[in-house]
Protein chains: 4
Amino acid sequence: MAQHGPRLVVPIDVTKKPREQKLPLHNRWHPDIPPVAEVRVGEVFRVEMVDFSGGGITQEYTAEDIKYSDQSVVHYLSGPIRVVDDDGPAKPGDLLAVEICNLGPLPGDEWGFTAIFDRENGGGFLTDHFPCATKAIWYFEGIYAYSPHIPGVRFPGLTHPGIIGTAPSMELLNVWNDRERELEENGLKSLKLCEVLHSRPLANLPSTKGCLLGKIPEGTREWQKIAIEAARTIPGRENGGNCDIKNLSRGSKIYLPAFVEGANFSTGDMHFSQGVGEVSFCGAIEMSGFVELKCEIIRGGMKEYLTPMGPTSLHVNPIFEIGPVEPRFSEWLVFEGISVDESGRQHYLDASVAYKRAVLNAIDYLSKFGYSKEQVYLLLSCCPCEGRISGIVDAPNAVATLAIPTAIFDEDIRPKANKLPVGPRVVRNPDIPRCTYDGNLPITKNLSAGS
Amino acid sequence: MAQHGPRLVVPIDVTKKPREQKLPLHNRWHPDIPPVAEVRVGEVFRVEMVDFSGGGITQEYTAEDIKYSDQSVVHYLSGPIRVVDDDGPAKPGDLLAVEICNLGPLPGDEWGFTAIFDRENGGGFLTDHFPCATKAIWYFEGIYAYSPHIPGVRFPGLTHPGIIGTAPSMELLNVWNDRERELEENGLKSLKLCEVLHSRPLANLPSTKGCLLGKIPEGTREWQKIAIEAARTIPGRENGGNCDIKNLSRGSKIYLPAFVEGANFSTGDMHFSQGVGEVSFCGAIEMSGFVELKCEIIRGGMKEYLTPMGPTSLHVNPIFEIGPVEPRFSEWLVFEGISVDESGRQHYLDASVAYKRAVLNAIDYLSKFGYSKEQVYLLLSCCPCEGRISGIVDAPNAVATLAIPTAIFDEDIRPKANKLPVGPRVVRNPDIPRCTYDGNLPITKNLSAGS
Amino acid sequence: MAQHGPRLVVPIDVTKKPREQKLPLHNRWHPDIPPVAEVRVGEVFRVEMVDFSGGGITQEYTAEDIKYSDQSVVHYLSGPIRVVDDDGPAKPGDLLAVEICNLGPLPGDEWGFTAIFDRENGGGFLTDHFPCATKAIWYFEGIYAYSPHIPGVRFPGLTHPGIIGTAPSMELLNVWNDRERELEENGLKSLKLCEVLHSRPLANLPSTKGCLLGKIPEGTREWQKIAIEAARTIPGRENGGNCDIKNLSRGSKIYLPAFVEGANFSTGDMHFSQGVGEVSFCGAIEMSGFVELKCEIIRGGMKEYLTPMGPTSLHVNPIFEIGPVEPRFSEWLVFEGISVDESGRQHYLDASVAYKRAVLNAIDYLSKFGYSKEQVYLLLSCCPCEGRISGIVDAPNAVATLAIPTAIFDEDIRPKANKLPVGPRVVRNPDIPRCTYDGNLPITKNLSAGS
Amino acid sequence: MAQHGPRLVVPIDVTKKPREQKLPLHNRWHPDIPPVAEVRVGEVFRVEMVDFSGGGITQEYTAEDIKYSDQSVVHYLSGPIRVVDDDGPAKPGDLLAVEICNLGPLPGDEWGFTAIFDRENGGGFLTDHFPCATKAIWYFEGIYAYSPHIPGVRFPGLTHPGIIGTAPSMELLNVWNDRERELEENGLKSLKLCEVLHSRPLANLPSTKGCLLGKIPEGTREWQKIAIEAARTIPGRENGGNCDIKNLSRGSKIYLPAFVEGANFSTGDMHFSQGVGEVSFCGAIEMSGFVELKCEIIRGGMKEYLTPMGPTSLHVNPIFEIGPVEPRFSEWLVFEGISVDESGRQHYLDASVAYKRAVLNAIDYLSKFGYSKEQVYLLLSCCPCEGRISGIVDAPNAVATLAIPTAIFDEDIRPKANKLPVGPRVVRNPDIPRCTYDGNLPITKNLSAGS
């Protein structure tokens with residue numbers, strides 16, 4: 001009988017370390033990282049991947065691994081994969097259309113984690129409120145995830161790769177490094193006060209520490225040369241990368257610009273599910289996994305479809321199509337935030353502040369149902385919630401909303417008249433893995449009674 | 001035969017000016033604006049409303065009315081409406097649940113407009129790119145809207161009131177005025193460079209000019225006293241107000257905090273449809289209309305369900321439930337933006353910059369299908385598109401997306417391989433009403449070929 | 001200011017009787033009923049209509065009007081409406097595309113009814129089980145309906161006209177009368193035993209009794225001639241007619257064959273909501289109402305798109321497109337039936353028997369939640385439930401399903417482990433309007449314990 | 001690292017024949033077929049299964065295997081599986097809740113087939129129109145299926161097991177055999193003329209031919225005894241069985257009555273996708289596959305939730321919950337049928353006739369787009385179309401509809417004004433595998449021009 005399944009082009013063995021995989025992984029963007037596989041347009045192929053930490057974060061019920069996690073090695077990516085059609089490899093200026101035919105956890109490894117990084121080691125969107133390293137383990141039952149650390153909740157995953165991107169050209173890489181270095185060096189001057197106090201890194205500049213470059217042997221001169229200039233994978237950029245678009249699931253199509261011959265795309269950072277914004281930073285349900293993909297080359301597609309926005313022709317962004325198979329919910333509870341911060345200070349049309357406030361409002365609300373605030377922070381990072389910018393023009397307040405599907409809870413969380421006082425409800429506050437915060441920065445009081 | 005329809009508590013005659021309506025309108029928030037009607041919990045009642053400009057913007061195919069529109073009078077609201085149950089009026093500390101049972105345009109007035117304000121007179125999210133006053137007229141065919149100014153597009157409306165809010169207490173009003181004045185006075189110092197150059201108002205502080213206070217006769221001492229401290233209706237705030245949440249349509253429920261006796265809520269600024277962010281500012285399909293509402297009082301609900309976030313117990317935000325009847329689309333084309341601005345400059349996790357870039361990308365893309373960029377800017381302001389914050393933690397780039405339902409176009413707008421060069425397609429560029437920009441501020445080049 | 005609303009082409013005054021309306025109504029299909037209005041393609045126009053009974057069934061809490069309702073007068077239709085474009089009126093052989101732009105109850109008349117006809121006077125799908133005339137009154141709160149007679153339930157309506165159809169040609173009318181007379185006359189011989197016992201009429205042949213023919217004065221010779229051959233409106237046929245397709249709501253498009261010049265279409269029998277099958281016969285939420293329509297003529301469309309199936313070219317059926325605005329539910333409880341009847345007798349791939357059994361199963365199940373079986377029968381007739389044919393080939397059993405959205409109930413109706421015995425729950429069994437059955441036919445025992 | 005995936009309780013090797021599998025399969029229902037595995041409530045386990053024909057129908061591009069397929073062996077099922085909780089095995093009278101956590105094709109075997117059986121060997125819903133054995137092969141690209149035999153179509157699968165059911169008790173088995181034998185013996189007398197001419201089997205009575213009974217060795221006395229009375233798996237019955245409910249996909253829950261100790265449920269007949277009714281009989285996309293399941297026992301649930309309908313307490317039907325993850329389509333083209341057959345003959349409220357007519361209408365319509373009618377018949381059997389009973393009470397016509405999602409086609413299939421005559425379009429009529437019909441029965445002319 002003929003084999004019909006997708007061809008496995010990048011295999012992963014989760015019992016092995018990232019450096020021991022059959023095909024070498026990489027954790028930087030650079031044009032000179034050689035492809036590990038080649039695929040033809042039209043064929044369906046399978047790429048497997050380790051979780052973003054490459055196993056650095058474990059299934060143990062402890063947050064020690066989170067607190068001391070090595071941020072220099074993220075994210076371990078599978079690839080690069082070179083794409084060809086009858087006219088040869090993709091060329092710079094082409095668009096690479098990648099369809100996600102299927103994806104999921106790796107068989108036998110059906111679990112994931114959501115975590116809050118320690119404020120001194122990466123932090124998160126609300127790091128000033130929640131500075132402690134914390135972790136929740138999730139188990140999968142087919143399409144569903146549940147966690148012993150966040151009881152009373154179960155939801156179907158909208159599984160997606162957090163990262164998919166093409167290799168940058170040298171020219172584009174230089175643009176990235178220049179503008180990010182400029183921010184790192186001059187950022188403090190131009191930043192607003194609230195941001196200066198922020199302990200999170202302003203940018204994530206190239207660093208040889210922890211650098212893994214696929215087939216380039218570590219420590220060689222070539223490795224040295226590349227490592228010193230290769231871009232970190234943390235931010236999304238013109239090549240796609242760490243977009244964290246939670247809807248890029250089965251049936252989606254991603255139009256990526258090709259900057260180098262072959263397009264050389266990589267993927268990784270699988271998420272079983274993610275809330276909009278992935279607010280706790282290590283915030284999706286992180287896991288190992290596989291994707292089954294099909295490629296198409298749109299020759300000359302960059303010029304045809306993308307418009308550069310910036311000094312060079314490289315300032316473009318990918319385009320996406322969302323697939324028809326998503327978990328659908330019919331009832332949503334929506335929290336709002338405006339661009340007034342927790343101290344009562346007015347910001348000018350700042351959607352980030354508004355969204356932060358919406359998330360804090362949701363955390364406060366849900367904590368009334370027996371959860372600790374850290375549990376809710378973890379939950380909102382990874383459950384299928386929707387973050388929307390509602391108003392961005394009505395000075396001085398940006399308005400953002402966070403919509404939560406009510407069906408993920410095993411009780412009705414909507415406000416009710418004629419109810420007994422909330423008081424002592426079911427307490428859903430198990431012994432969640434958690435470390436203390438040993439840093440020096442002041443913790444922002446939530447300014448609410450129960451903080 | 002018994003009358004079964006909702007009781008009409010605020011009637012509007014659109015052939016009359018705002019000051020001539022049977023029940024007086026108001027365009028400020030203040031605790032001392034007397035209610036014009038009283039409703040009981042459980043009863044379904046009908047509120048009619050003028051468009052936000054009170055007829056100041058007309059159906060004429062000209063943008064003169066936009067260019068010189070009087071920003072001091074917006075938004076004309078219907079109300080306040082006092083809410084009572086068997087225990088008397090709502091009390092401060094209660095939650096007022098308002099269900100939207102039905103809504104729509106006023107019979108006989110089935111049209112609307114979407115506009116770009118002149119940069120010197122309000123501007124919009126992309127005012128540096130599109131400084132000219134521009135207008136599109138929309139006509140309604142039942143649930144659908146179409147515009148002679150943006151041909152090839154037709155979509156069902158997700159109709160909603162842009163504004164619904166309760167009267168603030170004096171204490172809350174003072175909080176608003178203090179924090180907004182602080183921004184207005186000290187904002188220039190703390191703002192980033194890009195914002196200082198911005199010509200838009202930093203805040204919209206109280207102003208007696210254009211002030212309308214319902215039953216309080218204009219020019220009286222009482223009017224003077226109130227007008228000088230009454231808050232403008234432009235930003236959304238703790239009382240709800242101008243939230244512009246596009247999903248607050250039929251079947252939605254809004255939980256508003258009550259700050260004064262009776263809750264005294266008002267509504268207005270009807271939108272036939274709005275895109276996420278209402279980016280062109282006058283950006284929804286603005287119209288007159290009606291809502292049919294039903295109220296419930298949740299006694300003590302503020303304490304029970306809301307958590308103040310700020311120095312006083314008043315720093316709360318409303319909560320919403322979204323209804324089950326929305327136009328649903330199954331295919332979306334998604335544009336992405338990162339927090340690098342049009343000049344190539346890197347910003348730190350700025351969701352507003354990222355969303356701006358996503359919108360600009362979408363404008364550039366769709367302009368390849370025969371539209372002018374201003375047409376697309378207007379379209380994205382009012383069509384049922386989704387703006388999402390995708391990544392808010394991956395320093396230095398925030399990632400935002402704008403998803404557009406492909407079904408609203410009469411041609412397939414998705415990228416295609418094997419296509420002829422775009423070149424001269426159908427040109428969809430009619431004589432759209434437009435004024436010149438006479439201001440002094442430099443216009444931001446889009447930095448793209450076809451700008 | 002210009003009038004923008006749809007032109008009102010058929011007005012209704014619900015305080016008047018059907019025969020007193022400004023434009024005369026009709027309750028038969030015949031080519032010689034003259035049009036009462038003319039519309040042009042592209043224009044949006046409004047048609048108002050009485051409820052199917054023309055006010056014969058009232059809002060009183062009694063079922064007397066149901067028991068003795070005059071079946072000879074149903075359904076009162078608005079029209080015929082003649083359709084023209086630049087090339088003149090629609091012609092036989094054209095397709096008439098009718099888009100439903102909007103619809104709803106008539107303002108001030110926001111109520112409806114669902115009923116079970118007495119077995120001697122029309123009956124229903126389950127008339128052998130439920131032979132008594134029964135009635136529930138529904139009130140509307142915008143998009144929602146609730147009934148004091150079926151407490152604990154509230155749902156958004158998927159409002160639609162039960163009837164929309166074009167005038168038949170004389171040739172088509174003859175086809176109808178011939179084949180239905182043949183059934184009436186010879187039906188008993190060919191029918192299965194279970195059907196012979198059935199007291200419902202086999203067909204509804206022409207009858208001058210109660211006949212209303214629009215502009216044709218009653219009692220005239222012309223009226224006599226037409227009345228004797230005009231088809232009843234009860235069954236759906238080649239011209240559309242009483243299709244009772246519950247999804248023909250806002251945004252739907254109906255492609256009707258034109259059999260006479262002008263197409264001469266009529267509409268009526270508005271339903272606020274209907275379950276699949278309208279099982280209790282008077283089973284939707286029946287009401288007066290309005291539709292706003294827009295027409296298009298597809299010249300020669302019958303030949304182009306429809307294929308006659310039968311001895312003449314007239315044996316065609318309409319085509320429909322469903323609109324994008326429907327209440328969506330995410331959770332459904334599904335009941336199954338197979339083609340074994342209540343006595344345990346096996347039928348051969350009979351989908352009607354299977355569906356009957358599925359409905360009976362659902363009634364039995366829901367009656368465990370405090371309802372009487374008649375209440376549930378009424379509810380399933382009118383709530384947004386889905387009836388599907390699941391298997392139609394697996395001899396000897398057809399399988400049919402009935403899916404009920406769980407969100408319409410105010411309690412969780414799903415089966416649960418670890419539950420107390422059902423026993424005495426909340427009894428939701430108010431004094432539902434009901435008459436006794438005085439007929440002679442035996443009532444089918446449900447053969448279940450609690451029947 | 002701990003194993004997290006579901007426990008594999010029934011493994012399948014598709015390179016082996018049904019009789020060679022590690023755990024024996026069965027193709028009959030009988031209480032004495034011993035369980036092959038035991039599972040505990042709450043655990044997630046995996047069941048693999050062969051396709052219904054056990055490999056009898058191949059991937060070859062020929063219909064010979066269809067024409068001569070052995071109907072006596074269908075369907076090969078995996079199981080029985082015995083279910084226990086802390087209180088021991090499920091007991092008669094309990095309800096077994098089975099949740100489908102995940103499912104799909106077997107890795108490496110991602111293909112399927114849809115076929116029309118020869119009229120002399122099983123036939124199908126339209127066997128009088130399409131008597132020839134025909135086959136289409138489908139290949140899977142993740143969630144999508146496409147067929148070289150039906151070009152221009154691609155759709156996401158709503159994958160489900162066609163069969164899931166519990167073992168009957170001896171008493172229930174006797175009920176089945178009695179009533180089906182009664183039909184087989186006396187059916188001809190009571191059937192309508194159209195059905196008598198029908199060549200399809202009236203029932204599928206027990207037959208030792210092809211009988212496979214799991215662990216019971218073939219040919220033994222025990223096997224003889226059981227084989228002679230074991231029920232065929234073709235029809236759905238009280239135990240669930242061959243329900244062919246196309247929505248029983250990921251996240252669905254099935255409440256099956258337990259008739260024997262352990263409940264002993266079996267499953268099989270995987271469908272990548274199926275249209276409502278599975279009209280061509282071998283009509284889904286048939287494949288091998290796996291399901292991941294989780295069970296719960298509702299003690300005493302039959303009495304609590306099900307109501308017997310028939311002479312004994314066993315006449316019950318399962319209940320289902322549909323999951324939240326389905327491919328969703330927003331645009332549907334709907335075909336209607338009434339209970340007038342292809343000869344123009346009127347039937348009395350016969351939903352099967354109405355549905356047949358709707359399907360024939362859809363076939364005729366779609367054949368105008370370059371397809372042969374047999375291609376469309378195959379397509380409508382397996383694509384995600386919806387068959388609904390619209391009217392079941394309006395004598396004499398039942399109305400049924402068939403709704404087809406327009407997005408599955410690569411061209412716009414909706415009726416259009418201003419179109420060129422259909423005439424010679426793209427012909428999508430490849431060399432579809434097909435045999436001749438050698439039987440004696442007359443073929444029903446479609447009575448349409450192009451038949």
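**Exercise 1.** Find out how many residues of α6(D) are buried.

*Solution.* Start with the criterion: a residue is buried if 20 or more other C-beta atoms, placed from the backbone, lie within 10 Å of its own. Helices are DSSP runs of H or I with at least four residues, numbered from the N terminus. By this test 16 of the 16 residues of α6(D) are buried, so the helix is largely enclosed by the rest of the structure.

Before going on, note that this is a predicted model, in which local features need pLDDT of at least 70, side-chain atom pairs count only at pLDDT 80 or more, and totals for chains, interfaces and linings use all residues. Residues are numbered from 1 along each chain as its sequence is written, while chains are lettered from A and ligands numbered from 1 in the order in which they are written.

**Exercise 2.** Check the span of helix α6 of chain D, residues 351–366.

*Solution.* The expected span is 1.5 Å times one less than the number of residues. For 16 residues that should be 22 Å, and the end C-alpha atoms are 22 Å apart, which agrees.

**Exercise 3.** Work out how chain A is related to chain B.

*Solution.* Superpose by least squares on the C-alpha atoms of residues with pLDDT of at least 70 in both copies. A rotation of 180 degrees with 0.0 Å of shift along its axis lays chain A on chain B, with an RMSD of 0.0 Å. The two copies are thus related as by a two-fold rotation axis. In chain A, the C-alpha nearest that axis belongs to A:Arg388, 2.4 Å from it.

Key:
Helix = DSSP H or I, 4+ residues; strand = E, 2+ residues; numbered from the N terminus. Buried ≥ 20, exposed ≤ 12 C-beta atoms within 10 Å, placed from the backbone.
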